[in-house]
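Reader: I would like a close look at one part of this model, the core. Please take it slowly and then show me what lies around it.

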4 protein chains.
Amino acid sequence: MAETLIKVDLKQSAYENEQVHNRWHPDVPMACWVKPGDDFILETYDWTGGFIKNNDSADDVRDIDLSIVHFLSGPVGVHGAEPGDLLVVDLLDIGAKDESPWGFNGFFSKQNGGGFLTDHFPLAQKSIWDFNGMFTKSRHIPGVEYAGLIHPGLIGCLPDKKMLDAWNTREQELLDTDPTRVPGLANPPFAATAHMGKLSGEAKAKAAAEGARTVPPREHGGNCDIKDLSRGSKVYFPVYVDGAGLSVGDLHFSQGDGEITFCGAIEMAGWVHMRVNLIKGGMAKYGIKNPVFKPSPMTPNYKDYLIFEGISVDEQGKQHYLDVNVAYRQACLNAIEYLKKFGYSGAQAYSILGTAPVQGHISGVVDVPNACATLWLPTEIFEFDINPTAAGPITMLDGSVQMPISPDIK
Amino acid sequence: MAETLIKVDLKQSAYENEQVHNRWHPDVPMACWVKPGDDFILETYDWTGGFIKNNDSADDVRDIDLSIVHFLSGPVGVHGAEPGDLLVVDLLDIGAKDESPWGFNGFFSKQNGGGFLTDHFPLAQKSIWDFNGMFTKSRHIPGVEYAGLIHPGLIGCLPDKKMLDAWNTREQELLDTDPTRVPGLANPPFAATAHMGKLSGEAKAKAAAEGARTVPPREHGGNCDIKDLSRGSKVYFPVYVDGAGLSVGDLHFSQGDGEITFCGAIEMAGWVHMRVNLIKGGMAKYGIKNPVFKPSPMTPNYKDYLIFEGISVDEQGKQHYLDVNVAYRQACLNAIEYLKKFGYSGAQAYSILGTAPVQGHISGVVDVPNACATLWLPTEIFEFDINPTAAGPITMLDGSVQMPISPDIK
Amino acid sequence: MAETLIKVDLKQSAYENEQVHNRWHPDVPMACWVKPGDDFILETYDWTGGFIKNNDSADDVRDIDLSIVHFLSGPVGVHGAEPGDLLVVDLLDIGAKDESPWGFNGFFSKQNGGGFLTDHFPLAQKSIWDFNGMFTKSRHIPGVEYAGLIHPGLIGCLPDKKMLDAWNTREQELLDTDPTRVPGLANPPFAATAHMGKLSGEAKAKAAAEGARTVPPREHGGNCDIKDLSRGSKVYFPVYVDGAGLSVGDLHFSQGDGEITFCGAIEMAGWVHMRVNLIKGGMAKYGIKNPVFKPSPMTPNYKDYLIFEGISVDEQGKQHYLDVNVAYRQACLNAIEYLKKFGYSGAQAYSILGTAPVQGHISGVVDVPNACATLWLPTEIFEFDINPTAAGPITMLDGSVQMPISPDIK
Amino acid sequence: MAETLIKVDLKQSAYENEQVHNRWHPDVPMACWVKPGDDFILETYDWTGGFIKNNDSADDVRDIDLSIVHFLSGPVGVHGAEPGDLLVVDLLDIGAKDESPWGFNGFFSKQNGGGFLTDHFPLAQKSIWDFNGMFTKSRHIPGVEYAGLIHPGLIGCLPDKKMLDAWNTREQELLDTDPTRVPGLANPPFAATAHMGKLSGEAKAKAAAEGARTVPPREHGGNCDIKDLSRGSKVYFPVYVDGAGLSVGDLHFSQGDGEITFCGAIEMAGWVHMRVNLIKGGMAKYGIKNPVFKPSPMTPNYKDYLIFEGISVDEQGKQHYLDVNVAYRQACLNAIEYLKKFGYSGAQAYSILGTAPVQGHISGVVDVPNACATLWLPTEIFEFDINPTAAGPITMLDGSVQMPISPDIK
């Protein structure tokens, strides 16, 4: 069995684990080193470091301090890696921690991060998903079961100082356009809750003050939340610093395109078994700016989809110009309305779209003025038939099972 | 064999065919009538009515008057269809006209419609694609051949007056925000080039003055340009007028998600064999606003993809807030840079992304401030290996084959 | 459009068409010539030359003289092809004749050829299948509709004299072991009904007396009845004579693995669009004895199967030694018993297994003494749910629709 | 996490584990009990109970006493199960034991069981396969790596006495037709090496004398070696005794259709996570004699196959009558010859066919006198291109790596 280079103890605070960090900065020391060709295992916390619990209250989702996320395992140094290389990562396998065969999904309160449909679902809600081997189901959302498309939401290499500065600069510029917006337009560095791995003292303080937050995906990959970066896929990451410094975390048991619920996919603590190799000078050879990847040879074979269209006319009937976000939001809302006819609450339907292996396609982006987006809902995940028929929908759910909700505290 | 209810003669002007129209208006008379359960065939012009020719000049792409599009066959009246029903359309088969086994793809000049990457490719360019049975290849773009995912770019039912007014109102409001923009933010009704089917005289003049342009997708479907609405799929269309009034046109032999080249997919004249049925009152039963559909049981099985990521930081390094359009544009540009390493010109690479069965996924829309989009390029369509290797790319093309380009006439 | 090199007139006897033949012999003159790289179209009769009609009687299936089959279009000569080469054939597209959008399936009487389950279904029966674009359904077998996996049942190159002699010798040796068996163990040359293309007079008589019957698949391919040799596939055929001499016929709209009903798949008249190329000396280079092929990039995506097992213990409980035929027969019989619970007659169930894109797998051949075979039945082809449930099967059919049957004439 | 009801200690003899047995007999006591709806984990030995070692000698494959196999974990009693029910088993997940991340494949000597191609590979050979997450590769067979289609080779319920007697009777009758054949036509009960679980004393002696050997698949399923009974599949087993008595073992990391190498697939020790449910009276409701099953929603997506045909003419040119075994053997031999052109030894090629997710299809069984079988080899498992090209095969292997072989001891 491959060696486990980073272990996490779910009973210990992530802040106490020196092989974990929650900010991007070139000064974060390597947590361990490997050679090209090595395969090894890294354990990870869930993205919140265990803040969200397996219970029936959404209070934790409401109350979480999001400045603490994401707790990443790493950075792993790779001998011989130099700026300009491509780090080739085979995600050989991914799983949940044995002692923790469950995950959570939820919506943040609009006052604490929100989500894609926060105007429609402004309060904190949560669902818990149990893992049964390859499959998952939730005691809060009846009638669905999926095979997990397990993947890391967040993976990438350390930025160099120049790239870090560019990130902080451009995000601050955006923030400055509307500094009081809730939720904020971006998340600037925030030293108070930074965990910089093995760094301590003044070096830590300096890096913490500059370290980029882990929320957005960026040139290095990072928090891409791409469901198809799943176990079995192969990823080519740009390298910016000597040793590359690969970190990973935010594991998801399953997620739909867009991770629309934001909190998040089906979030879990677990482990990643990976192998690393190098393509020397690969960034220039292939003109690579962002990571490229190849999907896994083994993914759920769901083939029977019901597909919902959305166009860039918003809920108020206002016409937007080729706006895929608006179009995808409409497709999602259309799917939610549809599922409600089968007895789901809107929140339950929203959760299904956020967690099932739903596809979101950019179907049309040139037919002025409407973008067209499609949401592909696999029908096979439902225990009953959701296809349209002349007879109309048969309501299988009686509404007795609902998702926990926690009102904001004023 | 099913009856061909609408025939088109490619040597005749589309304006002379009374079973064709190019605007949406409830007053367009039914071109023919069918009953629920019937299957039948409609022939169609290509979307430009034959303006673009099978030659090696892009002058026609530069010079086309886009107010003439799209030439649709229909409307087909369905006995018993009433507002509020769902019209269930089985696309039993789709093909090119026997005498016209080819299609075109191109980029409009930025001065005449542009396209998704018009700032990068501002001039008119064209490629011609020959159909060899299920497959297509182009004399202007070496090294690729695809199985066609044949579909209508445009299909839907007639709007009622209320919906038509809503369309015209909201689009005019958008247009008014920047009325002199090139290309325009929207296309208002334009009577001069309207073709209203069997309507004539005053009735025609009135409808032409109000008729919605066919460019954008809207609630009824319309110009969705969804590649997966392919032969074999089943579509559920909202019905707004008695008889439904189903029209179809703008056939594509193949297209990538987004139809990013705008002119367009691989555009062709052809025929659609379809069957219609009704779900009475289906819009309310299922909460349907936009069409929903089920994909075909038979589509290209391409499985080996190289996937490019893009984030919502634009070409100038400016940070945008969760903007999927910007992210998808970056993913497209990343793929183009990559393909250039194998000897393609940027224009050729752009054409491949616009015409091959490329997937565009909305991968992340909540990780503030960056949206993440992915472009899935099937590697199997290339005659050589485009995967990254330690050896670097092997350039198979010598640049001797290029796409026609036509400079703007000042 | 590619040129149609061989045309067939369904109103004319196949014997009158000089570009058609029904025996394998090196002396059959080339019907036409092409060059490597050419693509072209060949029209074909159905395998019986039109003997089986679109009606509701199985008399024609009972009465057919099987010595007349199969009517093949060809041979096509390929310039430059020499013995030892591989002829690479791209099946670019395949379809039914426009004037004949239907096919037939049936069981021969045990006295006239029988079939895989002839002991269970000893009498002539027939079903007619209508083609609706990509799909087919039968007025004799309710509740099923499939997307067609269209393919030629029979395709291959002319044998040389040495190979022909080997065929005739080994088949005669088998025949001699039980010469009076019904149905016969093999079919020897039979001049009376031979059609040798352009040959006439003495040359025809000589070749007709030696020409191998077209029934079995052999080293050259021939009547393989492999459903996956479908439109879009690429086949590498051994070449034995100068010019190769490629012939094709026996088109199938759809078929299950094994073609168990023998008469046969869904049999149709139609056309094949193909392209030919050569790999010089390819037989030795790749150690090729029988054809190899690559499947189509576009085939039905049916994914939800109900799989039936069979072992090599026969209907009488007798143990056979690792016999896949017995095992597959049991799997087929098990599937038929299952489908009868939903209201199908045994004959209807048998027809479904023979015509739908059913898979037959050789699952185990070493676990002494039982071979294990599996039959994969796609559940998505049924209009109702055939999966096992605690509630038991719901019978959707009332038995009012049955397949024509014709008793033997003593 | 689900409870592990049966544990196995790989350092302990399987004979010492009372929750393990190696014969089928209704008197084997239940090892543990569960209720319908329960999910639980069973650990298993590899089929030989650890006899085959992870080393570079095939002596163990040569010397094994095959009367000891297969060591099964169980029987698991299911409360409420009665004869005539269907036991519905969801294979929620399957994996290797953490301490044993490897498996073996081999060919038995013709003097000790042989295999499908034993006349061509008559001596004991072995290869060892390492598991790297989802993937496996062998130090004895370069150039291939597969995603594992993990499955139990052997799973089923206890027979009742009547069925057991029928098995023993019919197999003895076969054996009696050629009692001295090597390898034997069947394996009769053999008490000396029987392990009857918790049974002891006289009861054990009696059951051991009658207990059916576990080698063949039978009506209850048993040693089906069906690769598609993989993690994620759902199986419906006939129940013959009160409590059902489900046993499982012989786990495979990967296998090709037919398990042609016999020793066997990639054999491993591991665990199965499963859930059980009942369909009361399901055997009669659905006319079930042998198990039926539904494939997993998650299996390797290999799509690019090179397909080899074989017909029922044997290696000596002798014509057999519609014999699928002969046809499949020819297809296998054709594939081996092909792979040898790329530098593989015949034994290595044979091992690939036995262990990779190769499909074996019964393509034609009615075209007198030749059956046609096809072997589908996924090309994506190879690290180099194995498709035919005009250039001929490029030999990537230098022959320096070979499989261990052990000559028979006379």
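Which residues have the most contacts inside the largest nonpolar core, and how many residues does that core have?

Author: This is a predicted model. Its largest nonpolar core has 544 residues, and those with the most contacts inside it are A:Leu87, B:Leu87, C:Leu87 and D:Leu87. In soluble globular proteins, nonpolar side chains tend to be buried together.

Take the copy in chain B. Neighbours within four places in sequence aside, B:Leu87 is in contact with B:Val78, B:Ala81, B:Cys157, B:Phe237, B:Val239, B:Ala244, B:Leu246, B:Val276 and B:Leu278.

Chain A gives a view of a whole chain. Six helices and 23 strands are found in chain A. Its radius of gyration is 21 Å, close to the 22 Å that the globule rule gives for 410 residues, so chain A is as compact as a globular protein of that length. Of the 410 residues in chain A, 63% are buried. Among contacts in chain A with a separation of 6 or more, 78% are between residues 24 or more positions apart.

Now to a place where two chains touch. Chain C and chain D each put 81 residues into their contact. Several elements of chain C supply at least two residues each to the side that touches chain D, including α2 (161–176), α5 (324–340) and β20 (305–311). By class, that side of chain C has 42 nonpolar, 21 polar and 18 charged residues. Strand β20(C) is also joined by two bridges to β18 (residues 292–294) of chain D, and the two strands run antiparallel. Within β18(D), D:Val292 is the bridge partner of C:Phe308.

Technical notes. Residues are numbered from 1 along each chain as its sequence is written. Chains are lettered from A and ligands numbered from 1 in the order in which they are written. This is a predicted model: local features need pLDDT of at least 70, side-chain atom pairs count only at pLDDT 80 or more; totals for chains, interfaces and linings use all residues. A nonpolar core is a set of buried Ala, Val, Leu, Ile, Met, Phe, Trp, Tyr and Cys residues joined through C-beta atoms within 7 Å. A residue is buried if 20 or more other C-beta atoms lie within 10 Å of its own, exposed if 12 or fewer, and partly exposed in between; C-beta atoms are placed from the backbone. Two residues are in contact if their C-beta atoms, placed from the backbone, lie within 7 Å. Helices (H or I, at least four residues) and strands (E, at least two) are DSSP runs, numbered from the N terminus. Ala, Val, Leu, Ile, Met, Phe, Trp, Tyr, Cys and Pro count as nonpolar, Asp, Glu, Lys and Arg as charged, and the others, Gly among them, as polar. Two strands pair if DSSP finds at least two bridges between them. The radius of gyration is taken over C-alpha atoms; the globule rule is 2.2 Å times the number of residues to the power 0.38.
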